[in-house]
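Open the model in your viewer and keep the selection panel handy. We will go from one chain to the other and finish where they touch.

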Amino acid sequence: MYDMKALYEATSVEDAIRLLTEHPDAKIIAGGSDVLIKMREGKLAGAELVSIYKIDALRGISMDPDGTIRIRPLTSFSHITRDPIIQQHINVLGEAVDMVGGPQIRNIGTIGGNTCNGVTSADSASTLHAYDAIMVIQGPDGVREKPIREFYLSAGKVDLRHNEVLTAILIRKESYEGFQGHYIKYAMRNAMDIATLGCSVNCKLSEDRKTILDARIAYGVAGPVPMRAPSAEAAAKGQPVCPETVEAFAKAALNDVNPRTSWRASKEFRMNLVEQLAKRALKEAIRLNGGEI
Amino acid sequence: MQTALVKCTINGVPTETVVDVRASLTDMLRNDYRLTSVKKGCEVGECGACNVLIDGECFNSCIYLAVWADGKNIQTVEGLLGPNGELSDIQQAFIDEAAVQCGFCTPGFLMTAVEILESKKLYTRDELRKLLSGHLCRCTGYENILNAVEKTMKRRLGIPVE
C-alpha cells in the first residue's frame with residue numbers, strides 16, 4: 001500500500017485542471033516511476049495525487065500539417081523509440097530514451113514526466129533542448145507555449161503552475177529537417193543507471209558534406225538543469241568538417257557548463273566528459289549526415 | 001478508505017474486485033487473486049521480481065497502481081500453464097538450463113521472456129542481454145537464463161539449437 005491521502009483519477013485534461021484547482025496540495029502522477037518511489041521513500045508520504053495516467057488523449061505521436069512533430073506527454077519511452085515518425089525524423093530521441101532505466105521502466109516512464117520533474121539527468125531532456133522543443137501547457141486560462149530552455153527554472157523546478165498540465169512537446173520542421181544527431185549517455189553501468197553526464201549533438205552539413213552549416217549541442221548533468229552550449233555551437237557553425245573544428249567545438253563547450261561534484265562523479269571528471277563526449281557525439285553526428293572525418 | 005472497482009482480464013479470465021486506491025498492482029494480484037508468482041522484491045521498480053504483462057508489455061507491478069489495471073489484460077506466470085498444469089516451453093527451458101536456483105526472480109524473468117518470444121523476432125545475445133536487463137538475479141549469474149531464453153527463441157523460430 002502506498003502512503004497517499006487520496007487519489008483523483010482525471011478523465012480529461014480539463015478534468016485534471018479542475019481537480020488540481022480543487023485540491024491545491026495535490027501532485028500530478030503520470031507513469032509514477034518517480035512519484036511512487038518518492039512516496040515509498042517517505043518524501044511524498046501522505047500526499048494527494050491527481051492521476052493523469054488514464055487520459056489516452058495525452059498519448060501518441062503525430063505530425064501537424066506544417067510538419068511539426070507533436071509528442072504527447074504520456075507517450076512511454078518504449079513507444080517513442082518504436083514510433084515511425086521519430087525513427088524517420090529524430091531517431092536520436094528514440095535512441096536517447098532507449099537508455100532510460102530498464103525495459104519495464106521504459107514501458108511505464110513517460111516523456112512528460114521525464115521533463116516536468118525538472119531533473120538535469122533526464123535522458124530525453126538534452127536531446128529535446130538540442131532540437132529547440134516547445135512545451136505546450138494548458139491551464140484554467142487557456143494554452144501557452146514555452147521554449148524548453150525557458151521551461152527549466154532551477155534544479156527540480158519547471159515553469160508549470162499548480163493547476164497546469166503539459167499537453168504536448170513540439171519539434172518544429174525547421175528544427176529537425178536536414179539534421180542528424182547522436183546522444184551519448186555516460187553512466188557506470190548499461191542498465192538501471194542515471195547519467196553521470198549526457199550529451200546530445202546534432203548538425204546539418206552543406207550539400208558537398210564539407211561544411212557544418214549548423215550544429216547544436218545540449219548536456220544533462222553539466223549544471224543544475226539541462227543546458228545548451230552556445231559557445232560550442234558558434235565555434236562549429238560555418239566551419240569546415242575537419243578534426244580541428246571538432247576540437248574547437250569541444251573546447252568551447254567548457255565555457256558554457258557548470259557541473260558540480262556529487263557522489264556519482266567529481267566536477268573535474270565531468271568537465272573532462274563534457275569535452276570528450278562533445279567530440280565523439282559531433283563526429284558521429286557528422287558521420288550520420290554523410291560527412292567524413 | 002477510498003476504494004475503486006477494477007474490472008480486468010487476468011490470465012484470460014474476466015474478473016472484478018474492489019481495491020483500496022493506495023494498493024499497487026502487486027498488492028491486488030497477490031492479496032485479491034492469490035497470484036503469488038508476483039513477488040514483492042525491492043518495491044521501487046528496480047529488481048523486476050513483480051514483473052507482469054499488461055496488454056502484452058512488461059511492467060513492474062509494484063510501481064503500477066491497482067486502479068490503473070481497470071480495462072487491462074494482465075498475464076502472470078500462472079497463466080503460462082497448460083490445461084492440465086503442463087509447463088510451457090520457456091518454463092521447461094529454465095529448468096533444463098539450470099536457470100533457476102532460489103527461484104525468486106524467475107517469474108519476473110519468465111514474463112519478460114514471454115514478451116520477447118511473442119515478438120517473434122530473432123535477437124542477438126547482446127540484444128537479449130539488454131531486453132533482460134530490468135531484472136536482478138543474485139544466484140545464477142544470468143548466463144543460464146540467457147541460454148534458456150535464447151534456445152527457446154531459436155526453437156520457436158525453427159532455428160537449430162546445438
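**Stop one: chain B**

Select chain B and follow the backbone from the N terminus: its elements run β-β-α-β-β-β-α-α-α-α, where helices (H or I, at least four residues) and strands (E, at least two) are DSSP runs numbered from the N terminus. The radius of gyration of chain B, taken over C-alpha atoms, is 16 Å, close to the 15 Å that the globule rule (2.2 Å times the number of residues to the power 0.38) gives for 162 residues, so chain B is as compact as a globular protein of that length.

Before moving on, a word on what you are looking at: this is a predicted model, in which local features need pLDDT of at least 70 and side-chain atom pairs count only at pLDDT 80 or more, while totals for chains, interfaces and linings use all residues. Residues are numbered from 1 along each chain as its sequence is written, and chains are lettered from A and ligands numbered from 1 in the order in which they are written.

**Stop two: the sheet of chain B**

Now show the strands of chain B. In what order do the five strands lie in the open sheet? The order is 2-1-5-3-4, with mixed pairing; two strands pair if DSSP finds at least two bridges between them. At the edges are strand 2 (13-20) and strand 4 of chain B, each pairing on one side only.

Next, select residues 3-10 and 73-75 of chain B: these are strand 1 and strand 5, which pair in the parallel sense over two bridges. Zoom in on B:Ile10, which stands opposite B:Ile74 in strand 5 of chain B.

Add residues 106-118 of chain B, which form helix 3. Helix 3 of chain B lies across strand 3 (51-54), strand 4 and strand 5 of chain B, and runs at about 30° to strand 3. Angles run from 0 to 180 degrees between N-to-C directions, with axes as lines fitted to C-alpha atoms, for helices over the stretch in contact.

**Stop three: chain A**

Switch to chain A, where you will find 13 helices and 14 strands. Its C-alpha trace spans about 60 × 45 × 30 Å along the principal axes.

**Last stop: where the chains touch**

Show both chains together. The contact takes 26 residues from chain B and 22 residues from chain A; two residues are in contact if their C-beta atoms, placed from the backbone, lie within 7 Å. Select residues 57-60 of chain B: this is strand 4, which gives the most to the side that touches chain A, with four residues.
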